[in-house]
Amino acid sequence: MSLVQQQADHGQSRPQLPGAPRKDRSLFTKFVLRRSGLKAPMESTSFDSSTTTMTSASSSLSASINFHLPRRMVTSPSSSNLMQWLQSDCPHDLLPKILAFSGPQLIATISRTNRFWHELVSQEATWRTLCTEMYKWREGDESPISWRTYYMRNPCVPVDFSTIPKALSCAQSPGLHQCNSVRVLLRPGRYILREPISVLAGGGAEITVETMEMPSSFHPVVEAPNDSEPKKRRKSLRQILSCRSVDEDDEDEEDPLPDFLEPATKPWSAPNRKQATLTLRSRRQNEPIVRVRQGSCTLRNLELRHISYGTDIWNGNAAVQIQPPMGLNDQPVMVVPSPSAILENVDITSASGRGIVNIDGGNLTIRRCYIHDCAATGIYIGSAMSKVVIDSSDVTQNGNGNVHHRRGIGRGHSGIYLEQGLAHITSSNISQNSLTGISAVNPSNAILHLIDSDLVSNGAFQLEMPEIGSVAERQSITRNVNISASGFYRPRSGLMMPPSER
């Protein structure tokens, strides 16, 4: 007789999960009950501490058994003790698939119940099944040396961790130097961030944030949980009557997101793309979505929707900021390894500032990206030691100012602004920007290599180069470039809709 049938005989209308109190029940059990339309009943808070681990694991797994196993298994006579039934009667080839619905926290709890579960969780075959069931690994991918390590180094949001910062805090733990890379996988959907994604990884570690490849039947996440919900604070009479400006600690009120940043697809973006969309929602001034301070960070198959208070487009008011830490007197601190970022198939928009800022010696690589509709410059490169490589990308319609806040950035900015450093641009489209397409300013060290690209329909100038005969001008290269004040251009990233289809 199943657990549900036993309770029906006693006149109970809802299944009662045995074991630990409500506070000890896993989030997985609550999720299953919520999806099934049931409510978790009140439970007694008295229990035997010697059996807490076994009972908690049994209560958490009972819901998954009832909803994921055939009925003939659920009605097994030995199902009154769930963990014992799983250990003795359930086909052992199904156990790894059941664990895949549990998450790493509950798996760690189950592994401490007895020797059987400890040995099962310790098997590489179990972790391979977990990686496959959670779409972390697919046929054709390179097989890892350790499946358990592979699972841990590829945390999934919101399955393994509820938010992106929690997954990154685990990735950037003190023991990160022992591994070469950590990849944070995001299921397609919308993610609201209260704080920037900060990357400060030493020891040559590489951190990747990317969208998972899910089956066509998967429904995107509507809105993932916030990092931390702002708390409502009571205001004093003096605060109510005083005149004050928004500062970084004032988060007790929240303005709705502009329509510009809503998850709806932009009219000029390619349709039918399942990606994770990261949106910053904060009242702090000059905050980016991603800030790379040290180490390597890769962003792949994402949409970044940025808006922030403030007007400091050099130090924070950008969707992506690559800059080493600042020391005394606001001077950059040279770190090893230096901050570097790789962006692949990323759609970037900033309603308040710049799209990407690479400053004070950072390294930036952009491949097949679409940077558009930024209030200020699309891509800014500063400092003689900064380097950027742009390939097969679109930088369009930037520099139109902050249209959502009258005290924001004004109109009149370039698509790409090379103040200092080296920029190597190939097979890219820089068009319809407010001021200029590309501006290389410094005559000493603003070196530009522009090859096989389009500069069309920009504002004042299509291409602004250093003075003729200067050091930077002699080292710069322009080859096979389409420069025109009007006309058509060819999208290069694959993320932008062609002009003929708009």
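# A chat about helices, rings and salt bridges

Tutor: Let's start with helix H8, residues 115-122, where Trp 117, Leu 120 and Val 121 are buried. Keep in mind that this is a predicted model.

Student: Okay! Where do those buried residues of H8 sit around the axis?

Tutor: They are on the same side of H8, because they cover an arc of only 95 degrees around the axis. There is a general pattern to remember here: an α-helix has 3.6 residues a turn, so residues three or four places apart point the same way.

Student: And what do the buried residues of H8 pack against?

Tutor: Several helices: H5 (82-88), H6 (95-99), H7 (104-110), H9 (124-133) and H10.

Student: What happens at the start of H8?

Tutor: There, Asn 114 has a side-chain oxygen that comes within 3.1 Å of the backbone nitrogen of Phe 116.

Student: Let's do rings. How many aromatic pairs are there?

Tutor: The count is five aromatic pairs. One of them joins Phe 116 and Trp 117: the ring centres are 5.3 Å apart and the planes are at 85 degrees, so this pair is edge-to-face.

Student: Why edge-to-face for Phe 116 and Trp 117?

Tutor: Because planes over 60 degrees apart count as edge-to-face, and for Phe 116 and Trp 117 the angle is 85 degrees.

Student: Is Phe 116 buried or exposed? And what about Trp 117?

Tutor: Phe 116 has 22% relative accessibility, so it counts as partly exposed. Trp 117 has 1%, so it counts as buried.

Student: Which other rings pair up edge-to-face?

Tutor: Trp 147 and Tyr 150 do, with 6.2 Å centre to centre and 70 degrees between the planes. Both of these residues are buried. They are three residues apart in helix H10 (residues 147-152), so about one helical turn separates them.

Student: Which residues are in a cluster with them?

Tutor: Trp 137 joins in: ring pairs link Trp 137, Trp 147 and Tyr 150 into a cluster.

Student: What about charges over rings? Where does Lys 136 lie?

Tutor: Lys 136 lies over the face of Tyr 151, at 3.4 Å from the ring centre. Elsewhere, Arg 354 has its charged end over the ring of Trp 314, 4.9 Å from the centre of that ring.

Student: Back to Lys 136. Which side chain does it meet in a salt bridge?

Tutor: That is Asp 160, with 2.5 Å from N to O. This salt bridge links distant parts of the chain, since Lys 136 is in the loop between H9 and H10, while Asp 160 is in the loop between S1 and H11, 24 residues apart. Both Lys 136 and Asp 160 are buried.

Student: How many salt bridges are there?

Tutor: The count comes to 11. Among them is the one between Glu 133 and Lys 97, whose closest N and O atoms are 2.8 Å apart. Here Glu 133 is in helix H9 and Lys 97 is in helix H6, 36 residues apart. Glu 133 is partly exposed, with a relative accessible area of 31%, and Lys 97 is partly exposed too, at 37%.

Student: Which residues are linked in a network of salt bridges?

Tutor: Arg 183, Glu 210, Arg 300, Glu 344 and Arg 367. Within that network, the side chains of Arg 300 and Glu 210 meet at 2.6 Å, N to O. Arg 300 is in strand S9 (residues 296-306) and Glu 210 is in strand S5 (residues 206-211), 90 residues apart. Arg 300 counts as partly exposed at 24% relative accessibility, whereas Glu 210 counts as buried at 10%.

Student: New topic: the backbone. Where are there cis peptide bonds?

Tutor: One runs from Val 157 to Pro 158, with omega near 10 degrees. Pro 158 is in the loop between strand S1 (156-157) and helix H11 (164-171). Another joins Val 336 and Pro 337, with omega about 0 degrees. Pro 337 is in the loop between strand S10 (318-322) and strand S11 (340-350).

Student: And what is phi of Gln 397?

Tutor: Near 55 degrees, which is a positive value in a residue other than glycine. Gln 397 is in the loop between strand S17 (394-396) and strand S18 (416-418), and it is buried, with a relative accessible area of 19%.

Student: Why does 19% make Gln 397 buried?

Tutor: Because buried means under 20% relative accessible area, and Gln 397 has 19%.

Conventions. Residues numbered from 1 in each chain as written. Predicted model: local features only at pLDDT ≥ 70, side-chain atom pairs only at ≥ 80, totals over all residues. Heavy atoms only, no water. Phe/Tyr/Trp six-rings, centres within 6.5 Å; stacked < 30°, edge-to-face > 60°. Buried < 20%, exposed > 50% of the residue type's maximum accessible area, 1.4 Å probe, protein only. Helix = DSSP H or I, 4+ residues; strand = E, 2+ residues; numbered from the N terminus. Lys NZ or Arg CZ within 6 Å of the ring centre and 35° of its normal. Arc of directions from axis to C-beta. Contact = heavy atoms within 4.5 Å. Polar contact = N/O pair within 3.5 Å; in protein donor to acceptor, adjacent residues only side chain to side chain. Salt bridge = Lys/Arg side-chain N within 4 Å of Asp/Glu carboxyl O.
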